[in-house]
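Grab your viewer and work through these short exercises on strands and their neighbours. Try each task before you read its solution.

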Amino acid sequence: MPNKEIKLNKQQFKLFNDDDQFNLFCDDDGYGTYKNFNEEVDKLFEKYDYIAVSFDAYIYGIRNNKKEELSDQAFDGYQIALEIIPDN
């Protein structure tokens, strides 16, 4: 299957990451480094236009058509994103 991506806006990303289930706001040991999940998402979307989830388990922040890898371990992320954006 080709490397397809699903784009998520802020509200969709909050549903997708559901209290940081993909550990984007954690330290190297997997411990949460945030006090308020919504504030961390707000900060993320100040930096990026949208978040993309790829079929091959990557999560990217996108700004001005430039990708920055946020995670390479979003197993089942594509399927979860499909549930949030079923028409993609």
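**Exercise 1.** Work out whether strand E3 (residues 59–63) is enclosed or open.

*Solution.* Keep in mind that this is a predicted model. Step one: apply the cut-off, where buried means under 20% relative accessible area. Step two: count along the strand, and four of the five residues of E3 come out buried, so E3 is largely enclosed by the rest of the structure.

**Exercise 2.** Find the strands that pair with E3, and say in which sense they do so.

*Solution.* Start with strand E2 (residues 50–54): E2 and E3 pair in the antiparallel sense over four bridges. One bridge to look up is that of Ala52, whose partner in E3 is Tyr60. Now take strand E4 (residues 66–71), which pairs with E3, again antiparallel, over five bridges. Here Ile59 has Ser71 of E4 as its bridge partner.

**Exercise 3.** In each of the two hairpins, pick out a residue with positive phi.

*Solution.* The E2 and E3 hairpin has four residues between the strands, and Ala57 takes a positive phi near 75° there. Next, the hairpin of E3 and E4 has two residues between its strands; Asn64 is the one to pick, with a positive phi near 55°.

**Exercise 4.** Is Ser71 buried or exposed, and what does Ser71 touch?

*Solution.* First, place the residue: Ser71 sits in strand E4. Its relative accessibility is 10%, so Ser71 counts as buried. Then list the contacts, skipping residues up to four places away in sequence: Ser71 touches Leu24, Ala57, Tyr58 and Ile59. Finally, check polar atoms: the Ser71 side chain reaches the backbone nitrogen of Gln73 at 3.1 Å.

Definitions and conventions
Residues numbered from 1 in each chain as written. Predicted model: local features only at pLDDT ≥ 70, side-chain atom pairs only at ≥ 80, totals over all residues. Heavy atoms only, no water. Buried < 20%, exposed > 50% of the residue type's maximum accessible area, 1.4 Å probe, protein only. Pairing = 2+ DSSP bridges. Polar contact = N/O pair within 3.5 Å; in protein donor to acceptor, adjacent residues only side chain to side chain. Contact = heavy atoms within 4.5 Å.
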